[in-house]
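Please look over the chain shown here before reading the notes that follow. They go from one sheet to the ligand and then to the core.

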Amino acid sequence: MIRARALRAVYPGGVVALDGVDLDVAPGELVFLTGRSGAGKTTLLRLLLGAAVPAAGSLTVLGVDMTRAAPEDVQRVRRRIGMVFQEFRLFRGRSAYDNVAIALRVAGVGGAELRRRTLEALAAVGLADLAGRRVETLSWGQQQRVAVARALVRRPALVLADEPTGNLDAETAGAVVDLLAAARQAGATVLVATHDRGAIERAGGRIVQLEGGRIVADTGAPAPAAAALEPGGGTASRREGPDGAR
Ligand SMILES: Nc1ncnc2c1ncn2[C@@H]1O[C@H](COP(=O)(O)OP(=O)(O)OP(=O)(O)O)[C@@H](O)[C@H]1O
């Protein structure tokens, strides 16, 4: 799903944001990226999304080598990613419905299916009654839930969320975390950059800690309890093993 080796990211001016990151994320994992401000979390998400190119190292996302991919291949990867941004990036002046529907429209979905899936996504985040409201008239937490609905409506293979619970009250933050966990239950791989300890404790999952652009701690994927306990129950861990490719 994701495979990074010796990943390095440098901003103009020479700021080294990531410095030798090795990371494997298997399909279906829920991973929290933690670390203090400036540790490199957002930069890693940007590389995964193909919004920035690594300065060195290798990065494969959804089977595509992001360091060598043609623009159309990067586009193909992006279409399979649902992104929740820190600042929502909703279209002001448009309704909650329109903001969610756009994600399906650009994927070529229209007509009755567009309407059904958009309304289902809004209902899933508890906003069915507010579908027609312009987004700037919604509360902060409601806007974030619109952004989550927009990210999930296409049933993406990979969900990337950058501080999705920032500035939300505990209850709304909990609801957002539950939605991301539900996306994982539905089969998505989910990466969440967050400072929110409560969110991490609520959802469980793997914790990868960044510091100064390096991974300094990684709890690894929790062993799937049922499979691990069954005799002959397959893998003890869904984490991809090291490959010695360094
Ligand atoms: N556009 C930019 N130009 C130059 N340097 C940048 C830029 N964006 C980020 N940086 C620097 O890169 C490093 C990593 O930043 P990044 O935003 O990835 O950290 P972060 O862990 O996401 O922080 P936060 O928790 O505050 O969002 C920091 O030193 C930051 O100052």
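How many bridges join strand 4 to strand 5, and do these strands run parallel or antiparallel? In this predicted model, strand 4 (residues 56–61) and strand 5 are joined by two bridges and run antiparallel. The chain as a whole contains eight helices and 10 strands, and of its 246 residues 37% count as buried.

**The sheet**

- Strand 4 and strand 5 belong to an open sheet of four strands, which has the order 2-1-4-5 and antiparallel pairing.
- The edges of this sheet are formed by strand 2 (16–25) and strand 5 (64–65), each of which pairs on one side only.
- Strands of a sheet pair through backbone hydrogen bonds, and this pairing may be either parallel or antiparallel.
- Between strand 4 and strand 5, Val-61 has Val-64 as its bridge partner, while Thr-60 stands opposite Asp-65.
- These two strands form a hairpin with two residues between the strands, and in this hairpin Leu-62 takes a positive phi near 50°.
- Strand 4 also pairs with strand 1 (residues 2–10) in the antiparallel sense, over five bridges, and here Arg-8 has Ala-56 of strand 4 as its bridge partner.

**The ligand and helix 1**

- The residues around the ligand include Tyr-11, Gly-13, Val-15 and Ala-17, and also Gly-35, Ser-37 and Lys-41.
- When this shell is sorted by class, it has four nonpolar, seven polar and one charged residues.
- Helix 1 (residues 41–49) supplies three residues, which is the largest share of the shell around the ligand.
- The buried residues of helix 1 are Lys-41, Thr-43, Leu-44, Leu-45, Leu-47 and Leu-48, and Lys-41 and Thr-43 are also among the residues around the ligand.
- An α-helix has 3.6 residues a turn, so residues three or four places apart point the same way.
- Just after helix 1, Gly-50 takes a positive phi of about 80°.

**The core and the wider chain**

- The largest nonpolar core has 66 residues, and those with the most contacts inside it are Val-100, Ala-149 and Val-159.
- This core draws at least three residues from each of domain 1 (1–80 + 157–246) and domain 2 (88–155).
- Leaving aside its neighbours within four places in sequence, Val-100 is in contact with several residues, among them Thr-118, Ala-121, Leu-122 and Ala-149.
- Across the chain, among contacts between residues at least 6 apart in sequence, 65% join residues at least 24 apart.

Methods: Residues are numbered from 1 along each chain as its sequence is written. This is a predicted model: local features need pLDDT of at least 70, side-chain atom pairs count only at pLDDT 80 or more; totals for chains, interfaces and linings use all residues. A residue is near a molecule or strand if its C-beta atom, placed from the backbone, lies within 6 Å of it. Ala, Val, Leu, Ile, Met, Phe, Trp, Tyr, Cys and Pro count as nonpolar, Asp, Glu, Lys and Arg as charged, and the others, Gly among them, as polar. Two strands pair if DSSP finds at least two bridges between them. A residue is buried if 20 or more other C-beta atoms lie within 10 Å of its own, exposed if 12 or fewer, and partly exposed in between; C-beta atoms are placed from the backbone. A nonpolar core is a set of buried Ala, Val, Leu, Ile, Met, Phe, Trp, Tyr and Cys residues joined through C-beta atoms within 7 Å. Domain bounds come from an automatic or database domain assignment. Two residues are in contact if their C-beta atoms, placed from the backbone, lie within 7 Å.
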